[in-house]
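Student: I would like to learn how to read helix features from a model. Please take me through one.

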Amino acid sequence: MTAIAALPAAAEYPERPITLIVPWGAGGGTDATGRMIAGLLKDELGQPVNVVNRTGGSGVVGHSAIANAAPDGYTIGVVTVEIGMMHWAGLTELTGKDYTPIALYNYDAAGLQVRADSEWKTAKDVVDAIKANPGKFKASGTGQGGIWHLALAGMLNTAGTDPAAAPWVPSKGAAPGLQELVAGGVDIVTCSVVEASALISAGKVKSLAVMDDVKLGAFPDVPTLKEASGLDWKLAAWRGVAGPKGMPDEATAKLSAALEKVWKSAEFQEFMKGRGFGLVWKPGAEFATWMEESDASLGTVMKAVGLAK
């Protein structure tokens, strides 16, 4: 036996369990998708993938835990659209550039919803009414400065209108905002069309536009905002998997390949579609570009609304 033959073979990544940090609470959409990914990744990687919820600070705590972990491939996490908002708000210095992007797996474009009996027929009607009557029409869909608030503000800013012309009524999410819409307390709700789908099906709400380049497959009758108003503004909530900056190429490549298999699996596709989550796949460099573009877009509108520090 030669000396070379006697050397033990180098172990392949991963040699031990992996931690997947979720920056949001148990039971929410990010947690649900993260746990599904973790379960399926275990089968692909041959090691347990343990989900740890690190909540607090409007997402800062969990996103910081991912960025500050040892860059050895054994701690990764679900990063969300808020990574492009938190630093503009002065909550952290972290940006998408502080991570090793592995893949974007989900995005849900904002939609423009009104009551089914509203006299507004198009998104242009809504914008024109707000322009003509600043302060009259109220909107809701999330907390002050949340992603769906920025969707409306960005739309109005793109139209050359003061984003505050439609006063924002904070809510704890799309569901209570939509209930307030149906009850007549507000006139407009910006949230994903999927979140409004039950009330749309019930004939209580109608969606006038989706803030994306393309129509939604599940809602082919809802035009894009550009088609419905001429405004070139898009915004979506999104989720992806990333690790701390400086991860080994071997680990990044293996995680990306495994995650792609998970994303393409019938189990994951059915899980996402069954719950109304939008599906998108952008690996590595494409995900990095996506985060940069999202960051710039969010910065523009947060400055316009006065939410940027």
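Student: Which residue follows α6, and what is the sign of its phi?

Tutor: G184 follows α6, and its phi is positive, near 95°. Helices here are DSSP runs (H or I, at least four residues) and strands are E runs of at least two, numbered from the N terminus. This is a predicted model: local features need pLDDT of at least 70, side-chain atom pairs count only at pLDDT 80 or more, and totals for chains, interfaces and linings use all residues. Residues are numbered from 1 along each chain as its sequence is written, and side-chain values use heavy atoms, leaving out hydrogens and water.

Student: Which residues of α6 are buried?

Tutor: Buried means under 20% relative accessible area, exposed over 50%, partly exposed in between (1.4 Å probe, protein chains only). In α6 (residues 174-183), A174, G177, L178 and L181 are buried. Seen down the axis of α6, they fall within an arc of 100° (directions from the axis to the C-beta atoms), so they line one face of the helix. A175 and A183 are exposed on the other side.

Student: How are two packed helices described?

Tutor: By the angle between their axes and the distance between the axes. Axes are lines fitted to C-alpha atoms, for helices over the stretch in contact; angles run from 0 to 180 degrees between N-to-C directions. Helix α2 (residues 29-45) and helix α9 (residues 249-264) have axes that come within 9 Å and cross at roughly 115°.

Student: Is T33 buried or exposed?

Tutor: T33, found in α2, is buried, with a relative accessible area of 0%.
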